[in-house]
Amino acid sequence: MMSGSSPPAPSLPAGSGSFFRGYTKLCKGLAVILILVHFVVQLFPSAVTYLALIPARTIPFAWNLITAGYVEQTIPGVIVSIIGLLLFGKLLEPLWGSKELSKFILIVNFSTSACVFITAIVLYYITQQEIYLYTPFSGFYGVLSGLLVGIKQLLPDQELNLFVLKIKAKWIPSLVALISIIVSFFIKDLMSYLPVLLFGIYMSWIYLRYFQKRLETGLKGDPSEEFSFSSFFPEFLRPILDPIASILHRLLCGRSERSDARGQTLDTSPLPGSDSIEANRRRERGQRALEQRLAEKLAAVRSSEGTSLDAADKV
């Protein structure tokens with residue numbers, strides 16, 4: 001028989017569990033929903049008819065405007081959606097708060113599905129091809145692309161390492177849209193994901209640009225030039241796009257700007273450049289929050305290293 005104390009259990013290397021730390025309850029809960037819905041669809045394939053967005057059946061099954069965004073029909077789709085949700089939510093939720101992030105996801109998800117539905121109906125009446133009515137649209141990619149737009153707004157100059165390239169966060173939504181359009185020409189199965197992704201980018205920008213309430217000022221939207229519609233495109237295209245974008249701006253903001261102008265004649269006029277100052281302040285807060293999280297993560301790793309060294313000395 002062997003005597004003495006048993007050898008200590010092997011421990012994980014310091015910092016190996018750091019990837020699984022820091023994710024919020026909201027994002028974890030949504031990740032569980034994505035997994036559960038995927039299992040339901042795999043066990044009961046007919047559930048796709050009731051949960052995915054099939055334009056011909058949306059009128060009786062209107063709830064699929066909400067449920068379609070949470071239906072991932074493939075395992076790679078589930079994995080990409082969960083990883084993206086956890087990583088992007090980890091950046092945005094500390095800056096927005098759980099309530100605002102939940103509101104953002106619900107609005108982008110629903111508005112994206114509504115736009116896909118309307119587009120499919122219009123294309124059917126133009127082409128008379130039933131494929132537009134009976135193609136099931138689903139996936140969390142609309143929300144994921146919307147979260148990328150949120151990162152573009154708050155942390156535009158944050159550099160991300162993509163393989164051998166360093167790309168600023170403000171160009172990521174545009175790059176994702178461009179790559180998706182190119183790939184869809186060669187892989188026809190990905191064509192059904194393209195409208196979800198593109199409308200996710202556009203509807204999230206509309207919400208953040210015109211409707212998101214800023215708690216620090218009580219105002220709505222982000223009117224800065226750095227977050228204009230043309231900021232998603234290269235410089236040489238902006239003179240062409242700005243007049244087109246101004247039409248949408250007048251439709252969405254015409255009344256509010258006129259009422260604000262009346263109020264300002266009775267009160268005081270805003271300071272010149274206040275919009276850009278407010279946008280810079282928001283980005284500075286986002287940058288400080290990101291640096292604080294990185295510092296906390298580094299401190300946690302160092303403390304775990306110190307704990308493991310103390311344990312080794314005792315042994």
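Biologist: How many of the 18 residues of helix α9 are buried?

Modeller: This is a predicted model, in which local features need pLDDT of at least 70 and side-chain atom pairs count only at pLDDT 80 or more, while totals for chains, interfaces and linings use all residues. Residues are numbered from 1 along each chain as its sequence is written, and side-chain values use heavy atoms, with hydrogens and water left out. A residue is called buried under 20% relative accessible area, exposed over 50%, and partly exposed in between, with a 1.4 Å probe and only protein chains counted. By that rule α9 is mostly covered, and the number of its buried residues is 13.

Biologist: Which order of helices and strands does the protein chain follow?

Modeller: Helices (H or I, at least four residues) and strands (E, at least two) are DSSP runs, numbered from the N terminus. The protein chain has eleven helices and two strands. Read along the sequence, their pattern is α-α-α-α-α-α-α-β-β-α-α-α-α.

Biologist: What share of the protein chain is buried?

Modeller: The chain has 315 residues in total. Of these, the share made up by buried residues is 37%.

Biologist: How far apart are the end C-alpha atoms of α9?

Modeller: The expected span of a helix is 1.5 Å times one less than its number of residues. For the 18 residues of α9 this gives 26 Å. The distance in the model agrees with that expectation, at 25 Å.

Biologist: Where in the chain does M203 have a partner 88 residues away in sequence?

Modeller: M203 belongs to helix α9 and is buried because its relative accessible area is 17%. From C-alpha to C-alpha, 8.9 Å separates M203 from the residue in question, C115.

Biologist: Is L208 buried or exposed?

Modeller: L208 also lies in helix α9. Although L208 and Q153 are 55 residues apart in sequence, their C-alpha atoms are 8.4 Å apart in space. The relative accessible area of L208 is 0%, so this residue is buried.

Biologist: How many of the 14 residues of helix α7 are buried?

Modeller: Helix α7 covers residues 141–154, and its end C-alpha atoms are 20 Å apart, in agreement with the expected 20 Å. The helix is mostly covered, and its count of buried residues is 14.

Biologist: What distance separates the C-alpha atoms of G77 and Y141?

Modeller: G77 sits in helix α4, residues 75–96. Its relative accessibility is 1%, so G77 counts as buried. G77 and Y141 are 64 residues apart along the chain, yet the separation of their C-alpha atoms is 8.8 Å.

Biologist: Which residue with a positive phi follows α5?

Modeller: Helix α5 (residues 98–127) has 30 residues and reaches 43 Å between its first and last C-alpha, close to the expected 44 Å. The residue that follows lies in the loop between α5 and α6 (131–134). Its phi is near 60 degrees, a positive value in a residue other than glycine. That residue is Q128.

Biologist: What distance separates the C-alpha atoms of L133 and A120?

Modeller: L133 is part of helix α6 and is buried because its relative accessible area is 11%. L133 and A120 are 13 residues apart along the chain, and their C-alpha atoms are separated by 6.5 Å.

Biologist: Which helix gives the most residues to the nonpolar patch?

Modeller: Patch residues have over 30% relative accessible area and no salt bridge; like charges are joined within 9 Å, and nonpolar side chains (Val, Leu, Ile, Met, Phe, Trp, Tyr) within 5 Å. A salt bridge is a side-chain nitrogen of Lys or Arg within 4 Å of a carboxyl oxygen of Asp or Glu, and accessible areas come from the Shrake-Rupley method with a 1.4 Å probe, only the protein chains shown counting as cover for residues. The patch covers about 760 Å², and its members include L178, I181 and F185. Five of its residues come from helix α8.

Biologist: Which side chain makes a polar contact with that of D222?

Modeller: D222 lies in the loop between α9 (194–211) and α10 (238–266), and it counts as buried because its relative accessibility is 2%. A polar contact is a pair of N or O atoms within 3.5 Å; within protein, one must be able to donate a hydrogen and the other to accept it, and residues adjacent in sequence count only if both atoms are side-chain atoms. At 2.8 Å, the partner of D222 is S224.
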